[in-house]
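Here are a few short exercises on how chains and domains meet. Have a look at the model, try each task, then check the worked solution.

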Amino acid sequence: MSVLLIAEHNNKEVKPFTLNAITAAAQIDQDLHVLLIGSKADDVAKSLSEVPLVKKVLHIDHEIYENYIAENYTAAILKHADKYSHIICSANTFGKNLMPRVAALLDISQVSDIIKVISPDTFLRPIYAGNAFATVKSNDEKKCVTIRPTSFEAAETTGGSAEIEKIDAADQTENTKFINREEIKSDRPELGTARIVISGGRGLQSGENFKLITDVADKLNAAIGASRAAVDAGYITNEHQVGQTGKVVVPDLYIAVGISGAIQHLAGMKESKVIVAINKDGEAPIFSVADYGLEADLFEALPQFLEELNKLNTIQK
Amino acid sequence: MKILVAVKRVIDYNVQIRVKEDGSGVVTDNVKMSTNPPDDNAIEEAVKIKESGKATEIIAVTVGEEKAQETVRKALAVGADRGIHVKVDGTIEPLAVSKILKKIVEKENPDLVFMGKQAIDDDCNQTGQMLAAHLNWPQATFASKIEVNDKSLQVTREVDEGLETIEVNTPAIVTCDLRLNEPRYASLPNIMKAKKKPIEQINASDLGVDTNPRIEHIKIEEPPKRKAGIKVASVEELVQKLKNEAKVI
């Protein structure tokens, strides 16, 4: 049997986390097919076919798939599910919304957010905000699995030439309508895939003060993150939130500024390779996970940090 | 309009989790338990809708062991009208919970079902979507804003790229984000009043739902520990360490 991976895309490009999920899916079974559900998405089909790990692209193209509606995607996936041993997608808001709907209709107990493939039926996944790791074995005949994208490398995107098979659309739901999506465009690297992330917390005290963070981010070509407290307080918009119920990031360098380090925030960043904490409270829990802790007032430390960075001859990009 | 809100009892979000030495699970004895945080938002939203005159009844439901009733009692203290406790012992997976909730929905015929988007114990993020699937209802997940219209809801969802707004016809399932609202505290008089509100007890086995786990937990272990870090004395030292020791900038 083969595995079926559901691609996330915007009808023009494959979203990066799909490439991480492809790596995990190919570890489960090398006969990996990708299902692309979209509207006028031929370019996406072509780029998926060039991913060497992909053996076949199933492409459903219909205007009802212009926007991603879980109900419509589910109907399309169910038409093809019987030929596959596993149905897989990334554990971001796309896959979290979609996969349980598919799993329920197949009467499968889904395995969410895996960080390691141990065998085709056994996986490692974090529970309790990453404070415990569970090794779980699925005893369902068919499996629905979502992949924590930051735990797997992104698949190579060139050199492959998989067959693209066009398939028919499924029924459309009458009960859910897409209205709009407010995407904040930014030239900065994406939070989920950035090499460096600098995050601000409640210690920033206002949205305006986040400028101190963005100045350093510009210098380091870093993505900007935030604690839930900072998002709740309205300092910054929700797509920046790092944590148990926000995004999970695993950058080479994570700089936490004015973040106390609640369990829920640590869940989203403690696997980062190098962690820096800047906080004026020396007892803040964030220091327990920091490789380098600086006990200082962020309003003095951040401008100094930028100044010191400016003195360096080179900064890695 | 009738709103059913599903709540789950979990280890309190402030408790430092300890893994059992035999690898069978996490320590729950003498550990503070609470309502799953986004489930509090789900209750709060239902109460606000009722206060605005758009809902007539709120039913809080939980699935779990005897003590899970506490979460229903708490929901009653902040404004739910009556409760249902589906009693089941041992591990129960989201798939089974969603099948049980389907039975409750068929019995109660609510127009809306609210619950938290994710439980902070198993971090599965499945139950609402699964219930929507079983009922063939629309789903609005990760809601940070809900506008109630006559026969539909407009829901703003928190997605990776920002915010997405969809319209779903009722009946519908909404899973709630922590940013949906600010849950209120129960006042003492309301806690006293809640003690008189009815909670119906149903045994899961009487609902004809197979609750046997499909996923085996082979081992629960502590995540790898980070090696202890150091405190630096100055910004200069920090930058030098990042450049020359960690080599990340």
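**Exercise 1.** Start with a single pair across the chains: which residue in S9(B) is the bridge partner of A:Asn180?

*Solution.* This is a predicted model, so keep that in mind throughout. Go to S9(B) and look for the partner of A:Asn180: you land on B:Thr165. Now step back to the strands. S11 of chain A covers residues 176-183 and is joined to S9(B) by 7 bridges. The two strands run antiparallel.

**Exercise 2.** Work out how many residues each chain puts into the contact, and describe the chain B side.

*Solution.* First, the totals: chain A gives 72 residues and chain B gives 64. Next, see where the chain B residues sit. Elements giving two or more residues include helix H3 (94-108), helix H4 (127-135), strand S9 (162-169) and helix H6 (235-245) of chain B. S9(B) supplies the largest share of that side, with 8 residues. Last, sort the chain B side by class: 29 nonpolar, 20 charged and 15 polar residues.

**Exercise 3.** Now stay inside chain A: how many residues does each domain give to the contact between domain 1 and domain 2?

*Solution.* Set the bounds first: the assignment for chain A has domain 1 at 2-167 and domain 2 at 196-311. Their C-alpha centres are 31 Å apart. Then count the contact: domain 1 of chain A gives 5 residues, and domain 2 of chain A gives 8. Finally, split the domain 1 side by class, and you get 3 polar, 1 nonpolar and 1 charged.

Definitions and conventions: Residues numbered from 1 in each chain as written. Chains lettered and ligands numbered in written order. Predicted model: local features only at pLDDT ≥ 70, side-chain atom pairs only at ≥ 80, totals over all residues. Contact = placed C-beta atoms within 7 Å. Helix = DSSP H or I, 4+ residues; strand = E, 2+ residues; numbered from the N terminus. Nonpolar A, V, L, I, M, F, W, Y, C, P; charged D, E, K, R; others polar. Pairing = 2+ DSSP bridges. Domains from an automatic or database assignment.
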